[in-house]
Amino acid sequence: MYKPYLALLGVSLLTAAAQIMIKKGALLLDAERGFKYLFFSLFTAPMILGLFFTLTAPLLYFYALRTVPLGRAYLLSSLNYIFILLGCRFVLRERIRIYHSLGVLLILGGIILSNW
């Protein structure tokens with residue numbers, strides 16, 4: 001019974017990782033040198049990895065939806081926000097402001113109250 005919930009956790013982690021990799025890939029885009037360079041800069045490792053994660057996450061979601069109620073599965077997908085914020089801080093080295101932290105606490109509170 002715990003495997004579908006692990007799959008939902010995997011969905012959130014993969015979705016967050018996809019967003020972070022695509023952001024890293026976007027930082028490498030070279031649009032100033034023309035369309036040809038822009039096109040080939042889309043095929044960097046972070047972009048390809050982000051695309052792979054984006055395509056893999058729904059497979060886990062489909063697996064989880066076989067047994068987990070949709071309302072609960074959709075609610076747990078809000079963990080994406082938390083994982084993306086952590087990835088922004090520790091992978092991309094972006095600054096996290098106090099209102100980001102408050103938002104994460106509100107999301108966690110909502111998850112806890114909804115599953116109570």
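Me: How much surface does the protein chain expose, and what share do carbon and sulfur atoms supply?

Reply: Accessible areas here come from the Shrake-Rupley method with a 1.4 Å probe, and for residues only the protein chains shown count as cover. The protein chain exposes about 8200 Å², with 72% of that supplied by carbon and sulfur atoms. Keep in mind that this is a predicted model: local features need pLDDT of at least 70, side-chain atom pairs count only at pLDDT 80 or more, and totals for chains, interfaces and linings use all residues. Residues are numbered from 1 along each chain as its sequence is written, and side-chain values use heavy atoms, leaving out hydrogens and water.

Me: Okay, how many helices and strands does the chain have?

Reply: Helices (H or I, at least four residues) and strands (E, at least two) are DSSP runs, numbered from the N terminus. This chain has six helices and zero strands. Its C-alpha atoms fill a box of roughly 55 × 35 × 20 Å along the principal axes.

Me: What percentage of the residues count as buried?

Reply: Buried means under 20% relative accessible area, exposed means over 50%, and partly exposed is in between (1.4 Å probe, protein chains only). Of the 116 residues in the protein chain, 29% count as buried.

Me: Let's take S12. Is S12 buried or exposed?

Reply: S12 sits in helix α1, residues 3-27, and counts as buried because its relative accessibility is 1%.

Me: And which residues does S12 touch?

Reply: A contact means heavy atoms within 4.5 Å. Leaving aside residues up to four places away in sequence, S12 touches L76, S77, L79, N80 and F83. Helix α1 also holds I20, which is buried at 7% relative accessible area. With the same sequence neighbours left out, I20 touches F83, I84, G87, C88, V91 and L92. Across the chain, 73% of the contacts with a separation of 6 or more are between residues 24 or more positions apart.

Me: Which residues form the nonpolar patch on the surface?

Reply: Patches are made of residues with over 30% relative accessible area and no salt bridge (a side-chain nitrogen of Lys or Arg within 4 Å of a carboxyl oxygen of Asp or Glu). Like charges are joined within 9 Å, and nonpolar side chains (Val, Leu, Ile, Met, Phe, Trp, Tyr) within 5 Å. Here L29, F35, F39, F40, L42, F43 and I48 form one, with about 720 Å² of accessible area together. Helix α2 (residues 35-41) gives the largest share, three residues. I48 belongs to helix α3, residues 45-65, and counts as partly exposed because its relative accessibility is 48%.
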